[in-house]
Amino acid sequence: MLSGLLGALLAQHRQPSAAALHELVATAVWVHAVAGENAAQAGERGTIASDIVNELRALVNP
């Protein structure tokens, strides 16, 4: 999920500078972490990719 999210962000920028690349990686990690935390609120022991994808959609599509 994280690598796909990062790939999607990178695809939106043709040739990001080193600073922009760093920000894209940080953004991808943050969004992935928040989506995982939100998915875990359901109270189950583990999360799988399909649990996280719905949360990702909610985070990136206000």
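L59 is partly exposed, at a relative accessible area of 32% (buried is under 20%, exposed over 50%, partly exposed in between; 1.4 Å probe, protein chains only). L59 sits in helix α3 (helices are DSSP runs of H or I with at least four residues, strands are runs of E with at least two, numbered from the N terminus). The model is predicted: local features need pLDDT of at least 70, side-chain atom pairs count only at pLDDT 80 or more, and totals for chains, interfaces and linings use all residues. Residues are numbered from 1 along each chain as its sequence is written, and side-chain values use heavy atoms, with hydrogens and water left out.

**L59 and its partners**

- Outside its neighbours within four places in sequence, L59 is in contact with V31, V34, A35 and N38 (contact means heavy atoms within 4.5 Å).
- V31 is 28 residues from L59 in sequence. In space, their C-alpha atoms are 7.3 Å apart.

**Overall fold**

- The chain holds three helices and zero strands.
- Its pattern along the sequence is α-α-α.
- The C-alpha trace spans about 40 × 20 × 15 Å along its principal axes.
- The chain has 62 residues, and 18% of them count as buried.
- About 4600 Å² of the chain is exposed, with 56% of that supplied by carbon and sulfur atoms (Shrake-Rupley areas, 1.4 Å probe; for residues, only the protein chains shown count as cover).
- Take the contacts between residues at least 6 apart in sequence: 42% of them join residues at least 24 apart.

**Helix α2 against helix α3**

- Helix α2 covers residues 18-40, and helix α3 covers residues 49-60.
- Their axes come within 8 Å and cross at roughly 120° (axes are lines fitted to C-alpha atoms, for helices over the stretch in contact; angles run from 0 to 180 degrees between N-to-C directions).
- This angle makes α2 oblique to α3 (under 35 degrees is roughly parallel, over 145 roughly antiparallel, 65 to 115 roughly perpendicular, the rest oblique).
- The α2 and α3 crossing is right-handed (the near helix is turned clockwise from the far one by less than a right angle; anticlockwise would be left-handed).
- From α2, the contact draws on V31, H32, V34, A35, G36, N38 and A39. From α3, it draws on D51, I52, E55, L56, L59 and V60.
- By class, the α2 and α3 contact has eight nonpolar, three polar and two charged residues (Ala, Val, Leu, Ile, Met, Phe, Trp, Tyr, Cys and Pro are nonpolar; Asp, Glu, Lys and Arg are charged; the others, Gly among them, are polar).

**Helix α1 against helix α2**

- Helix α1 runs over residues 2-11. The axes of α1 and α2 come within 9 Å and cross at roughly 140°.
- α1 and α2 are therefore oblique to each other.
- The crossing of α1 past α2 is right-handed.
- On the α1 side, the residues are L2, L5, L6, L9 and L10. They meet L21, L24, V25, T27, A28, V29, V31 and H32 of α2.
- This contact of α1 with α2 comprises 11 nonpolar and two polar residues, with no charged ones.

**M1 at the chain start**

- M1 belongs to the segment before α1.
- M1 counts as partly exposed because its relative accessibility is 38%.
- Beyond its neighbours within four places in sequence, M1 is in contact with H32, A49, I52, V53 and L56.
- M1 and V60 are 59 residues apart in sequence, and their C-alpha atoms are 14 Å apart.

**Two further residues: A33 and S50**

- A33 has its place in helix α2. A33 is partly exposed, at a relative accessible area of 41%.
- From A33 to I52 the C-alpha separation is 9.4 Å, with the two positions 19 residues apart along the chain.
- S50 is in helix α3. At 42% relative accessibility, S50 is partly exposed.
- S50 and A39 are 11 residues apart along the chain, and 9.6 Å separates their C-alpha atoms.
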